[in-house]
There are 2 protein chains.
Amino acid sequence: MPYTIDFEPVGRRGPCPEGGTLLDAARALGVDLASVCGGYGTCSSCKVQIVAGLVTLPTLREHGELSLAELAQGYRLACLVEPLSDCRVHVPPESLTALQRTQVEGLEVPAEAQPSVANRVVQIAPPTLDDLRGDDERLCEALAADGVAAAMPDLEVAAQASTELRRLGWQARVTLRGSEVTHVAPVDAPWLGLAVDIGTTKIAAYIIDLASGKTLEARGVMNPQIAYGEDVIARLVCAGKGPDEAARLQTLLTDGLSQLATEACAAIGAQPTDIVDAVVVGNTAIHHLFLRLPVQQLAVAPYVPAVRAAVDVKAREIGLRLAPGAWVHLLPNIAGYVGADHVAMLLASGMAGRTDSTLAIDIGTNTEMCLAHGGRMTSLSCASGPAFEGAHIKFGMRAAPGAIERVRIVDGRVEYKTIGDEPAVGICGSGLLDVVAHLRRAGKLDAKGRLAGPDVREAEGDAEFVIADETVAGSRGAITVTQHDIREMQLAKGAIRCGIETLLQDAGITASDLQEIVIAGAFGTYIDIESAMTIGLLPKLPLDRVSQVGNAAGTGARLALISRTHRRQAQELAQRVRYLELARSPRFMRNFAEAMYF
Amino acid sequence: MPYTIDFEPVGRRGPCPEGGTLLDAARALGVDLASVCGGYGTCSSCKVQIVAGLVTLPTLREHGELSLAELAQGYRLACLVEPLSDCRVHVPPESLTALQRTQVEGLEVPAEAQPSVANRVVQIAPPTLDDLRGDDERLCEALAADGVAAAMPDLEVAAQASTELRRLGWQARVTLRGSEVTHVAPVDAPWLGLAVDIGTTKIAAYIIDLASGKTLEARGVMNPQIAYGEDVIARLVCAGKGPDEAARLQTLLTDGLSQLATEACAAIGAQPTDIVDAVVVGNTAIHHLFLRLPVQQLAVAPYVPAVRAAVDVKAREIGLRLAPGAWVHLLPNIAGYVGADHVAMLLASGMAGRTDSTLAIDIGTNTEMCLAHGGRMTSLSCASGPAFEGAHIKFGMRAAPGAIERVRIVDGRVEYKTIGDEPAVGICGSGLLDVVAHLRRAGKLDAKGRLAGPDVREAEGDAEFVIADETVAGSRGAITVTQHDIREMQLAKGAIRCGIETLLQDAGITASDLQEIVIAGAFGTYIDIESAMTIGLLPKLPLDRVSQVGNAAGTGARLALISRTHRRQAQELAQRVRYLELARSPRFMRNFAEAMYF
């Protein structure tokens with residue numbers, strides 16, 4: 001008999017798989033328990049509190065990661081604990097991946113509605129004893145009479161057409177993709193498209209009216225693959241284990257996306273089967289996991305994609321539940337770590353047409369950037385790590401309610417603001433950036449990144465600076481930023497700045513030559529640009545040369561959905577972009593070392 | 001707790017579904033119990049003997065269908081019996097659908113191997129840090145260097161190619177269908193095609209070496225859909241109930257065919273994944289069930305197909321497990337009751353090129369025939385019923401071991417031969433035909449079909465003629481042919497002869513103008529032509545004008561697999577054939593009445 005685990009405050013209750021850990025139980029029950037390392041006990045993101053019941057004794061690893069006070073209170077790492085009886089387990093907010101702020105806003109680029117699908121209303125002659133043509137011919141010949149050379153639809157559509165045409169009295173709206181009939185629907189049904197940006201942590205989906213090009217609904221959810229690791233490497237390792245694991249990771253995405261589409265459609269009184277075309281973007285790893293392409297070669301040098309070209313695939317073939325004949329278009333990838341989302345971002349920010357020197361950058365666990373200069377575009381990718389997502393940071397968390405997202409040190413006093421104005425439970429990336437910048441300005445942090453000064457206290461063998469003290473933060477103790485946290489931030493910002501400098505050197509220009517820096521993505525939207533310049537994440541430039549454009553990848557996906565011209569431009573863009581392998585740059589080590597200074 | 005049912009001598013044992021009948025239990029356990037009517041209690045083909053255990057009392061229907069002696073011995077109709085305890089059930093041989101003679105032999109038509117797929121051996125440059133192209137581009141560019149303009153393979157093939165190319169050290173044999181890469185395999189792997197004729201009762205499959213066009217292996221099995229009704233109407237009704245039922249009927253076929261392909265490949269040391277192209281033919285109903293197309297409209301006037309044109313579909317999309325990128329081609333249908341198997345038969349018998357008047361005919365539950373005369377081809381279909389398959393015949397059975405297949409009456413004495421020379425258990429179609437012909441010749445049957453004479457005895461209110469008496473046939477009693485059986489045969493042969501006469505009248509010729517009659521199909525192969533002429537199934541002609549060609553539909557499928565030219569000819573054939581709706585012929589009733597005479 002498996003033990004029953006009760007996860008609170010989520011309220012999910014169910015059996016722990018035979019011989020499984022609490023993390024396994026959480027995954028099986030759909031509890032969105034964070035797991036940055038993918039369940040290998042090498043991060044501490046799956047911290048939970050055992051409230052009742054017997055479990056295995058703490059491991060050495062947990063003794064290292066958790067304080068004695070925490071262990072005494074029952075805090076454990078879910079991936080290392082096996083239940084020995086029924087248990088009640090408390091999941092603290094910072095260990096939940098759900099409820100986070102997702103990013104759906106992005107700049108609107110006006111584009112003429114010129115989608116990749118067309119439609120016609122047809123009136124078809126019903127069969128009689130004198131007209132025994134098949135339904136397939138009946139449909140194609142009616143379209144031919146309307147001047148449309150239609151080819152045989154695929155089987156699913158042919159099956160649906162037979163049934164629908166009879167139900168609709170042989171009058172219908174037919175959707176065509178080139179010469180292929182992809183959908184048969186009532187004349188007055190909504191005619192919708194779906195644009196999606198699948199990020200490593202978040203998914204943004206847009207429902208578009210294909211006739212007008214207007215966005216009717218925008219929705220965000222967490223990427224459900226997070227349960228298998230917050231960074232893509234953990235997921236690639238998981239998918240590489242075998243076809244079942246790869247299928248599970250794909251299904252998580254496609255089911256999540258189908259669900260999201262259903263909810264978004266319901267909000268506007270439509271059905272997901274009204275969606276007749278879709279565009280999906282994501283980084284190369286997500287792209288491959290979504291399409292269930294082999295990923296092993298993405299995890300080892302030279303990191304080549306199985307498929308780099310743009311892909312068109314029937315939605316149903318990858319398990320997406322849209323109109324039965326709907327196709328999904330995936331923009332092309334550029335390299336193993338510069339994917340279709342980067343192409344979409346470049347498309348949305350109009351990089352191809354730029355004549356001035358522009359740097360476009362999307363900050364994340366992996367940061368991609370592109371420099372347009374002198375009619376050339378060069379992109380690279382750097383492993384900036386998950387520090388901005390709150391991982392490997394003592395009180396780090398992602399941008400969920402209760403996360404400290406803004407910090408100022410005014411006259412030595414710390415002021416902060418949390419997301420949702422909830423009681424502080426941790427610090428998210430933009431908050432950390434502010435802390436480091438203000439510590440630096442206040443002289444409590446030197447250029448090498450060492451914390452010093454009367455406000456700096458010692459705890460558990462590490463120097464730390466208090467953001468919210470015990471009186472505010474409650475039982476969990478004070479919320480602090482440690483010397484270790486600052487080193488993590490230093491590595492992250494160093495990696496990104498190193499990328500920027502490498503691109504500038506490659507083009508033979510300096511930062512002051514940049515006419516514009518375009519910052520895309522969720523993290524980039526919420527950061528304080530002055531803080532980013534203070535710590536050297538970005539080069540110092542007049543603030544009006546920096547624009548924060550929100551989810552540009554999502555905007556690019558929408559453009560490729562609405563407009564054939566933009567879809568073609570995305571192809572050309574991907575061909576034109578030169579990929580620079582950062583690690584092969586001769587000045588890489590020197591750039592990186594220099595970029596570490598605050 | 002469901003009751004456990006033990007089916008003997010098959011040796012299958014398992015639970016009966018809640019509230020289910022013994023037929024349901026047999027289906028759930030994969031026992032090939034016959035069920036002509038599809039489980040509606042209107043035929044008696046699912047007769048079983050309850051050996052141990054309690055069951056529901058005999059229904060009125062069973063009292064009508066079974067003798068008191070049979071009921072006393074525990075004989076029941078499985079579709080009307082629910083178990084009331086664990087049971088042991090004996091399935092008599094004549095109630096089993098398996099073990100029957102299947103027909104794979106057919107005339108060989110020499111055709112130059114010119115398949116619809118091509119192959120190339122390529123040597124591909126592996127990725128390096130200086131060559132970061134995706135695997136997709138790497139493959140397409142290697143083919144381009146070889147002068148082949150290859151397009152992006154589909155996702156499954158791209159995924160397989162990535163893995164295979166690495167495993168094979170970047171040297172492989174690539175299969176192309178037009179510009180599409182459909183398979184990547186070791187250079188020395190077999191390069192195979194699969195041709196299939198799916199009949200209502202039997203499936204014949206052929207494994208072809210695509211390079212030479214040679215048939216390497218031929219195999220037959222029973223159509224596993226038989227468990228859902230022996231005639232197609234019962235299956236159409238079942239599939240029309242809902243998507244789950246339609247899916248189940250499709251899966252039965254595709255799983256059965258995958259299994260058959262696997263066994264056939266194993267016999268020649270190959271894998272089903274070596275099969276890179278396939279051609280499938282069947283009647284329109286089977287075609288639609290196989291592709292899971294809507295079938296409701298096939299069951300009501302005017303009986304139009306959902307799809308009449310030739311279909312190309314990825315094998316994996318319909319659940320066939322061949323090479324991941326393999327396509328399946330289905331020849332076109334002509335009408336609701338003249339399907340792709342008829343087209344294949346016409347292709348194999350070279351009807352398109354005939355200048356003399358030729359009648360081609362495939363006798364079955366539904367009999368299709370085509371008259372080529374004066375450069376025109378006209379086809380029709382007639383519902384000849386299942387009498388030739390042994391259904392609705394007192395001792396009727398299909399061509400399984402123990403079936404009487406040849407009968408002669410010599411000097412008033414009956415001589416017979418059974419299939420496999422086993423003890424006689426019943427009579428199959430060719431045996432029945434002989435009985436009727438010899439009774440007619442011996443003067444024991446008049447032209448109107450009435451049995452009379454000293455050898456004719458009375459039993460259970462019907463006249464009957466003894467073929468094998470109790471001393472030979474054992475506990476089951478004598479094997480006889482009844483007046484009722486003869487009426488069933490009369491209807492069947494009348495329907496077919498009526499079709500022949502209608503075609504001749506339509507062309508303005510008489511039977512003596514026919515230069516050839518081509519008889520295709522399993523039943524037609526085993527009948528005695530003289531008997532067929534004696535009873536008037538076929539018009540009287542010199543015997544050398546009649547040829548029995550075996551499974552011509554299977555041969556046609558092979559031709560369309562081996563040769564692009566033949567595949568194209570099949571399309572043209574289907575376009576050229578004029579379909580004649582028998583029931584609309586003004587002389588139909590008169591022809592039918594006349595055709596009933598012996």
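**Exercise 1. A hairpin in chain A**

In the hairpin of S21(A) and S22(A), A:Glu460 takes a positive phi near 50°, with two residues between the strands. The model is a predicted one. Task: work out how S21(A) and S22(A) are joined, and in which sense they run.

*Solution.*
Step 1. Locate the strands. S21 covers residues 457-459 of chain A, and S22 covers residues 462-468 of chain A.
Step 2. Read the pairing. Three bridges join the two strands, and they run antiparallel.
Step 3. Pick one pair. A:Arg457 stands opposite A:Glu464 in S22(A).
Step 4. Follow S22(A) to its other partner listed here. Four bridges join S22(A) to strand S23, residues 479-482 of chain A, again in the antiparallel sense.
Step 5. Fix the register with one residue. A:Val466 has A:Thr480 in S23(A) as its bridge partner.

**Exercise 2. A covered strand in chain B**

Task: find which residues of S15(B) lie on each side, and decide whether they are buried or exposed.

*Solution.*
Step 1. Start with the rule. Side chains in a regular strand alternate between the two faces of the sheet.
Step 2. Sort the residues. B:Thr358, B:Ala360 and B:Asp362 lie on one side of S15(B), with B:Leu359 and B:Ile361 on the other.
Step 3. Check burial. Both faces are covered, and all of these residues are buried. That is five of five for the strand, residues 358-362 of chain B.
Step 4. Add the antiparallel partner. Five bridges join S15(B) to S16, residues 366-373 of chain B. The two strands form a hairpin with three residues between them.
Step 5. Add the parallel partner. S15(B) pairs over five bridges with S24, residues 516-520 of chain B.
Step 6. Tie the pairings together at one residue. B:Ile361 has B:Met369 as its bridge partner in S16(B) and B:Ile519 in S24(B).

**Exercise 3. Helices H6 and H8 of chain A**

Task: explain why H8(A) can be called largely enclosed by the rest of the structure. Then name the helices that help to cover H6(A).

*Solution.*
Step 1. Apply the cut-off: a residue is buried if 20 or more other C-beta atoms lie within 10 Å of its own.
Step 2. List the buried residues of H8(A). They are A:Thr284, A:Ala285, A:Ile286, A:His287, A:His288, A:Leu289, A:Phe290 and A:Leu291.
Step 3. Conclude. Eight of the eight residues are buried, so H8(A) is largely enclosed by the rest of the structure.
Step 4. Look past the helix end. Just after H8(A), A:Arg292 takes a positive phi of about 55°.
Step 5. Turn to H6(A), residues 232-240. Its buried residues are A:Val232, A:Ala234, A:Arg235, A:Leu236, A:Cys238 and A:Ala239.
Step 6. Name the cover. It includes H7 (243-267) and H8 (284-291) of chain A.

**Exercise 4. Domains and core**

Task: describe how domain 3 of chain A meets domain 4 of chain A. Then say which residues have the most contacts inside the largest nonpolar core.

*Solution.*
Step 1. Set the bounds. Chain A is divided into domain 1 (4-95), domain 2 (118-185), domain 3 (192-330) and domain 4 (350-598).
Step 2. Place the pair. The C-alpha centres of domains 3 and 4 of chain A lie 26 Å apart.
Step 3. Count the contact. Domain 3 gives 21 residues and domain 4 gives 18.
Step 4. Name the elements. On the domain 3 side, S9 (192-198), S10 (202-209) and S12 (275-282) of chain A each give two or more residues.
Step 5. Classify that side. It has nine nonpolar, seven polar and five charged residues.
Step 6. Move to the core. The largest nonpolar core has 383 residues, and those with the most contacts inside it are A:Ala344, A:Ile427, B:Ala344 and B:Ile427.
Step 7. Inspect one of them. Beyond its neighbours within four places in sequence, A:Ala344 is in contact with A:Asp197, A:Val281, A:Leu331, A:Ala553, A:Gly556, A:Ala557 and A:Ala560.

**Exercise 5. Two chains**

Task: state what rotation superposes chain B on chain A, and describe the contact between the chains.

*Solution.*
Step 1. Read the operation. A rotation of 180° with 0.1 Å of shift along its axis does it, at RMSD 0.2 Å.
Step 2. Interpret. That is the relation of a two-fold axis.
Step 3. Find the C-alpha of chain B nearest the axis. It belongs to B:Glu317, 4.1 Å away.
Step 4. Count the contact. Each chain, A and B, gives 34 residues.
Step 5. Name the elements of chain B. H4 (135-145), H5 (155-167) and S13 (311-314) give two or more residues to the side that touches chain A. H5(B) has the largest share, five residues.
Step 6. Classify. The chain B side divides into 21 nonpolar, five polar and eight charged residues.
Step 7. Compare the two sides. The copies meet through the same surface, because 100% of the interface residues of chain B are also interface residues in chain A.

How values were computed
Residues are numbered from 1 along each chain as its sequence is written. Chains are lettered from A and ligands numbered from 1 in the order in which they are written. This is a predicted model: local features need pLDDT of at least 70, side-chain atom pairs count only at pLDDT 80 or more; totals for chains, interfaces and linings use all residues. Two strands pair if DSSP finds at least two bridges between them. Two residues are in contact if their C-beta atoms, placed from the backbone, lie within 7 Å. Ala, Val, Leu, Ile, Met, Phe, Trp, Tyr, Cys and Pro count as nonpolar, Asp, Glu, Lys and Arg as charged, and the others, Gly among them, as polar. Domain bounds come from an automatic or database domain assignment. Copies are superposed by least squares on the C-alpha atoms of residues with pLDDT of at least 70 in both. A residue is buried if 20 or more other C-beta atoms lie within 10 Å of its own, exposed if 12 or fewer, and partly exposed in between; C-beta atoms are placed from the backbone. A nonpolar core is a set of buried Ala, Val, Leu, Ile, Met, Phe, Trp, Tyr and Cys residues joined through C-beta atoms within 7 Å.
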